[in-house]
Amino acid sequence: HENKLLVISSTDPLEESLRKNKMPTIGVLAHIGNRIELPSGKARVVLVGEKRVRVREYLNLNHTSEILESIIENLPKVECIKEEETVLVNKLKRELEEYIQCLPYMSNSILESVKKITSLDKLTDVIAAYIPESLERMQSYLSQLDPKKRTTMILEDFNYGKKTFNIEKELDSKIEQKLDQTQKDYILREKMRIFKPAFQKV
């Protein structure tokens with residue numbers, strides 16, 4: 001409809017058939033940003049998310065050969081005091097940079113993307129999509145309409161990610177030290193085995 005699509009995430013990724021009572025009630029209204037026809041005859045489509053919407057009703061669920069349609073409505077916007085929003089936006093950007101510096105496997109490409117974002121609502125969505133989290137956690141982000149609460153969720157995930165990495169780093173260091181000592185002990189034993197006959201002759 002008018003180049004618009006509703007993007008939803010299944011609550012159960014293992015479910016093969018569509019069941020009305022398990023269909024999500026929150027989705028993302030998106031438009032087709034780019035469409036590339038591939039040599040195989042298939043098409044690669046790039047979707048651009050516009051806003052969260054509530055799904056009032058799913059239509060033609062039983063007609064699996066047809067495109068699934070739905071009736072949607074706009075969600076109420078959660079307002080945020082401007083001064084508070086500015087503070088939270090700046091804090092999120094600082095915490096994001098620290099998070100990336102702490103975790104060497106995280107790309108810093110997102111820093112340029114968020115540099116000019118001043119809306120807390122948009123910033124939380126961009127960062128949430130960047131954090132490597134489970135499907136359930138991502139669905140929680142999608143379902144949370146309040147950007148201040150999403151900010152808290154992101155800070156919690158940053159903190160958990162840094163703590164987990166530090167624990168893993170400490171564990172790796174202990175294992176490496178133990179392996180080094182084991183290797184040294186082995187080399188020493190081998191030297192003793194080789195030189196022992198010579199000592200006996202002397």
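Buried here means under 20% relative accessible area. Keep that cut-off at hand for the exercises below, which all use a predicted model.

**Exercise 1. Find the buried residues of α4 and work out how they are arranged around its axis.**

Solution. Start with the cut-off: in α4, the residues that count as buried are Q139, Y141 and L142. Next, look along the axis, where these residues cover an arc of only 155°, which puts them on the same side of α4.

**Exercise 2. Do the analysis for α3: which residues are buried, which are exposed on the face turned away, and what caps the N-terminal end?**

Solution. Step one is the list of buried residues: L120, L123, T124, I127, A128 and Y130. Step two is the view down the axis of α3, in which the buried residues fall within an arc of 155°, so they line one face of the helix. A handy rule helps with reading such lists: an α-helix has 3.6 residues a turn, so residues three or four places apart point the same way. Step three is the face turned away from the buried side, which carries the exposed residues K122 and A129. Step four is the N-terminal end, where S119 acts as the cap, with a side-chain oxygen 3.4 Å from the backbone nitrogen of D121.

**Exercise 3. Is T124 buried or exposed, and which backbone oxygen lies 2.9 Å from a polar atom of its side chain?**

Solution. First place the residue: T124 belongs to helix α3. Then compare its relative accessible area of 0% with the cut-off of under 20%; T124 is therefore buried. Finally, check the side chain of T124: one of its polar atoms lies 2.9 Å from the backbone oxygen of D121.

**Exercise 4. Classify E98 by its accessible area, and give its C-alpha distance to F158.**

Solution. E98 sits in helix α1, which spans residues 82-102. Its relative accessible area is 40%. Partly exposed covers the range between under 20% and over 50%, so E98 is partly exposed. For the second part, E98 and F158 are 60 residues apart in sequence, while their C-alpha atoms are 9.1 Å apart in space.

**Exercise 5. Trace the order of the elements, then describe how β3 pairs with β2 and with β4.**

Solution. Begin with the overall count: the protein has five helices and four strands. From the N terminus on, they follow the order β-β-β-β-α-α-α-α-α. Now take the pair β2 (residues 26-37) and β3, antiparallel strands joined by 11 bridges. Within this pairing, V28 is opposite R52 in β3. Five residues lie between the strands of this hairpin, and G41 takes a positive phi near 100°. Then move to the other partner: β3 pairs with strand β4 (residues 69-74) over six bridges, also in the antiparallel sense. Here E57 faces I71 in β4.

**Exercise 6. Describe the largest pocket: its volume, the residues nearest its centre and the make-up of its lining.**

Solution. The volume comes to about 890 Å³. Its lining holds 32 residues, with K51, R52, D125, L142 and R150 nearest the centre. Elements giving two or more residues to this lining are β3 (43-59), α3 (120-130), α4 (135-143) and α5 (147-201). Among these, α3 supplies the largest share, seven residues. Sorting the lining by residue class gives 17 nonpolar, five polar and 10 charged residues.

**Exercise 7. What percentage of the residues of the protein count as buried?**

Solution. The protein has 202 residues, and 24% of them count as buried.

Notes:
Residues numbered from 1 in each chain as written. Predicted model: local features only at pLDDT ≥ 70, side-chain atom pairs only at ≥ 80, totals over all residues. Heavy atoms only, no water. 1 Å grid on protein atoms, 1.4 Å probe; cavity = no way out; pocket = protein on both sides within 12 Å on 5 of 7 lines; lining within 4 Å. Points joined across faces, edges and corners; volume = space filled by probe spheres on them. Nonpolar A, V, L, I, M, F, W, Y, C, P; charged D, E, K, R; others polar. Pairing = 2+ DSSP bridges. Buried < 20%, exposed > 50% of the residue type's maximum accessible area, 1.4 Å probe, protein only. Arc of directions from axis to C-beta. Polar contact = N/O pair within 3.5 Å; in protein donor to acceptor, adjacent residues only side chain to side chain.
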